[in-house]
Structure formats: structure tokens, C-alpha cells
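Colleague: I would like to go through this model with you, label by label. For each one I will ask what earns it.

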Amino acid sequence: MPCSFAVNAVDGAARAGVLTTPHGAVRTPAFMPVGTLGAVKGVPPAQLADLGAEVLLCNLYHLALRPGVDAIEALGGLHAWNGWSGPILTDSGGFQIFSLGHLRQVDDEGVTFRSHLDGAAVRLTPEEVVDLQRRLGVDVAMVLDECPPWPVSAEEATASLARTTRWAARARERWARAPGPGALFGIVQGSAFRPLRERAAGELADLQFDGYAIGGVSVGEPDAERRAAVEWTAPLLPADRPRYLMGVGYRRDIVHAVTCGIDLFDCVLPARNARHGVLFTRQGELRLKGAAFRGDPRPVEEGCPCPCCRQISRAFLHHLLRWDELTGKVLATLHNLRFYLDFMAEVRQSIAAGTLAELASHLVSQGKSQGKSQPDGDSRADPVIVSV
């Protein structure tokens, strides 16, 4: 196999391991920073590695539209083009395509959509999606799937899942005939319907993918439904393959998923919130644009080794963010990414030590002590900021 996965420690269903790829190893559970167009906004590849990132997520949908796979392939593939030397996972863009609404049309063969950039018609099939990712030379390629909206009826979800499974089988067959340098992951759909999730997990396991993802979560469903989908699905996926929960990035959700046996995560949350002036600390979230930070000489978080906290005061960062200076967004992004990557290291250490339950309990207690509705202090729509 082009990729291998080994579990080195367990704590209940949680596992800490190593995913080995053609471009290096990834310690799991791992958080993948999102570089939609090939890079995290404002963060050069070398600096991303210095923060502790071991794998980067890029998006096939966006790269296929700009600059185009032909252009990237001509320059030696995605790694040579963007300068990131570590593993790269490419999302197929299924979520982005199906969020286009009236701009896309789905049939059993594939999907036709209008580019959100210029309205040009684009056609993608399951086979073409894996072909494009093979040409990019990625370490982990994702199959094309149909991501149903929320809410969705059982009938609609059933029909959508049947199509996704057929597409997965076609993608797996194409990959078997013309494999890429890395791994191919299947995606479990089924919305909030347990029989569909269980059926999808079994059917995809039979196809013998190199790894498996749980998709169709964090699309507007309530917390209970999202967590239930993970609890139903993760135990049914092959234990010797990596498991990836797509698009989930709140710490309490990450820890919950880890306790179910999930190994990989991605989310735009750290970088996006940073650009809006919301920074994460162990004591709570800070909204640095607030006037309370105008004269605060402290770093964002004492003891944080990120470039922002080593040199920049809250007061100066407040100034940069308040006046929309690009440097402020970059510094805030560096802090939030380092915070998340350090958090994942703490999760791995907790699994090895058998103390993951204590970490989860601490997050719940922290949320309660701050009077937040979200147990770990990661509020969803409008972060509650604690001045510390």
C-alpha cells in the first residue's frame, strides 16, 4: 500500500498512531490546516511547518477552477507548485459543489455545475475526480460524494446515499486500475439517519478503501445529531484504516470524536476566526478588536511559543486588527493554528497516558466556569469572549 497506518496507543476507543504517506508521517489524532487554494491565508509553507503542522488540506474544486489541474501538473504537481513538502490531502469538493444550489445539476453519472467565479459550465464524474487528484500527486485523495443539506427527508437521504455509494464504487475501480501515489478515502454519508449511516459504513468497508471519512456533518444539524452520527459510524469502520471526520473543528467535538476512534480532522475555524480577531487561549476566547485590549501589554497567551505571543502585545495586535491591517490577521492566524496544533499534541499525549477522559472533563468544566453554552468554551455562532 502507498500509505500505512499503525496504532501505537489506545484509551478506550481512542487511538494514537502514525499515518505514513509518500511525503512523510502524520501523528494522529491530527488537525489539518485548510489551504483551500494551496496555502493557508497569510502563512508560508515553512512557517506552517514551524507551527507543528504535519499535513495540509487543499480543495480540488477550487484548484480545478483556478489555476486548473493542467497548470499545476505542468509545474510538477501540487507539492512542487505550492512549496509544501509534507503530506497533502485534497477534498474532492463535493461539499462546495452541493452548496451551489441552483448552480449545479446532479445525475447518476456525475454533477454539472456553474463556476462561482465566471459562470462557466463544469462537469465532474467520480472517475474524473480521482484522476485529477492523481495528476496533482496528493498523498490522500477523497472520492466524489453527494452531501445532502440539512434538514433532509429520509427518502431524499436514502436516494442521495445510494448515488454516493455507486460513485464510490466507480472511483475505487478507477483508482485500482490507475492508482495515484497516495491513498484513496471513501466518505460515509447518511445524514442523521442511523440505518443509513450503518449501511454506508458497511458498503464502503466492503470496497476496501485505504481510509474512511465521515461526511455530511456540521451542515446545520443540532449538536446531538452530529455527535450521534459519529458514534454510530466510527466503530463500524475498519480498525486498521485511518478515520477522518470532515469539517469539524471545535475542541469539544474533536475530543468527542477522538473518543469514538477518529484520527483526522480539518476545519477553517482557527484561521477564519483569527482573521476576524477571535483568538483562542486556554483561559477562554479573546475578541481582540474590543476596546478593553487597547492598553493591554500582555501577549495573547503567556507561555505560548507562537511568533505572535513571543513578540507582540495584545495592545498592538488590537491596533492592527481594529484597523484591518494584514499583519494583524497573519499574526492572529499563527497563534490560533499553533494553539490547535498544540491541543492535538495534548490529545495524543492524553491517549498515551490513559487520561483522555480527564482532558474532556476539563473542557466541560472550563465551559461551565465561564458560563458558556458550549461545554469547552468554543461557542458556535458568536464567540463569548473572556477578558483575562
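The talk below covers confidence, burial, polar contacts, pockets and cavities.

Colleague: What makes you trust the chain as a whole?

Modeller: This is a predicted model, so confidence comes first. The mean pLDDT of the chain is 93. On that scale, which runs from 0 to 100, 95% of the residues reach 70 or more.

Colleague: Where does pLDDT stay under 50?

Modeller: Over residues 373-388. The model has 55 contacts beyond four places in sequence for that stretch. Local features need a pLDDT of at least 70, so I describe none there.

Colleague: Why is helix H10 called largely enclosed?

Modeller: Count its buried residues. H10 covers residues 251-260, and 9 of its 10 residues are buried, so the rest of the structure largely encloses it. Buried means under 20% relative accessible area. The residues that meet that cut-off are Arg251, Arg252, Asp253, Ile254, Val255, His256, Ala257, Val258 and Cys260.

Colleague: What follows H10?

Modeller: Gly261, with a positive phi near 105°.

Colleague: Which residues of H9 are buried, and what covers them?

Modeller: The buried residues of H9 are Arg226, Ala228, Ala229, Val230, Trp232 and Thr233. Their cover includes strand E11 (183-188), helix H8 (194-206) and strand E12 (211-214). Strand E13 (243-245) and H10 are also included.

Colleague: Why is Asp131 called buried?

Modeller: Its relative accessible area is 14%. The cut-off is under 20%, so Asp131 counts as buried. Asp131 is found in helix H6, residues 126-136.

Colleague: What makes the pairing of Asp131 with Arg174 a polar contact?

Modeller: Distance is one part of the test. The two side chains are joined at 2.3 Å, and the limit is 3.5 Å between N or O atoms. The pair of Asp131 and Arg174 therefore passes on distance, and it is listed as a polar contact.

Colleague: How do you know that Ala274 is buried?

Modeller: Its relative accessible area is 0%. That is under 20%, so the label holds. Ala274 lies in helix H11. Beyond four places in sequence, Ala274 touches Leu321, Ala332, Thr333 and Asn336.

Colleague: And Glu221, buried or exposed?

Modeller: Buried, with a relative accessible area of 9%. Glu221 lies in the loop between E12 and H9. Beyond four places in sequence, it touches Trp150 and Arg226.

Colleague: Which backbone nitrogens does the side chain of Glu221 reach?

Modeller: That of Ser218, at 2.6 Å, and that of Val219, at 2.9 Å. The limit for a polar contact is 3.5 Å, so both distances fall within it.

Colleague: What makes a space a pocket rather than a cavity?

Modeller: A pocket is open, whereas in a cavity a 1.4 Å probe fits but cannot get out. The largest pocket holds about 690 Å³ of space. It is lined by 34 residues, and closest to its centre are Phe95, Ser218, Met246, Gly247 and Val248. Strand E5 (56-59), helix H5 (94-98), helix H9 (223-233) and helix H11 (269-275) each supply at least two lining residues. By class the lining has 14 nonpolar, 11 polar and 9 charged residues.

Colleague: How does the second largest pocket read?

Modeller: Its volume is about 270 Å³. Of its 16 lining residues, Val34, Thr36, Lys41, Val268 and Arg275 are the closest to its centre. H11 gives the largest share of this lining, 4 residues. The lining divides into 11 nonpolar, 2 polar and 3 charged.

Colleague: How many cavities of 30 Å³ or more are there?

Modeller: The count is 5. The largest cavity has a volume of about 70 Å³. It is lined by 13 residues, and Trp150, Ser191, Ala192, Gly216 and Glu221 lie nearest its centre. H9 supplies the largest share of that lining, 3 residues.

Colleague: What lines the second largest cavity?

Modeller: Its lining includes Leu19, Val55, Asp139 and Leu264. The space comes to about 50 Å³. By class there are 8 nonpolar, 1 polar and 1 charged residues. Asp counts as charged, so Asp139 fills that last class.

Note on methods:
Residues numbered from 1 in each chain as written. Predicted model: local features only at pLDDT ≥ 70, side-chain atom pairs only at ≥ 80, totals over all residues. Heavy atoms only, no water. Buried < 20%, exposed > 50% of the residue type's maximum accessible area, 1.4 Å probe, protein only. 1 Å grid on protein atoms, 1.4 Å probe; cavity = no way out; pocket = protein on both sides within 12 Å on 5 of 7 lines; lining within 4 Å. Points joined across faces, edges and corners; volume = space filled by probe spheres on them. pLDDT = per-residue confidence, 0-100. Contact = heavy atoms within 4.5 Å. Polar contact = N/O pair within 3.5 Å; in protein donor to acceptor, adjacent residues only side chain to side chain.
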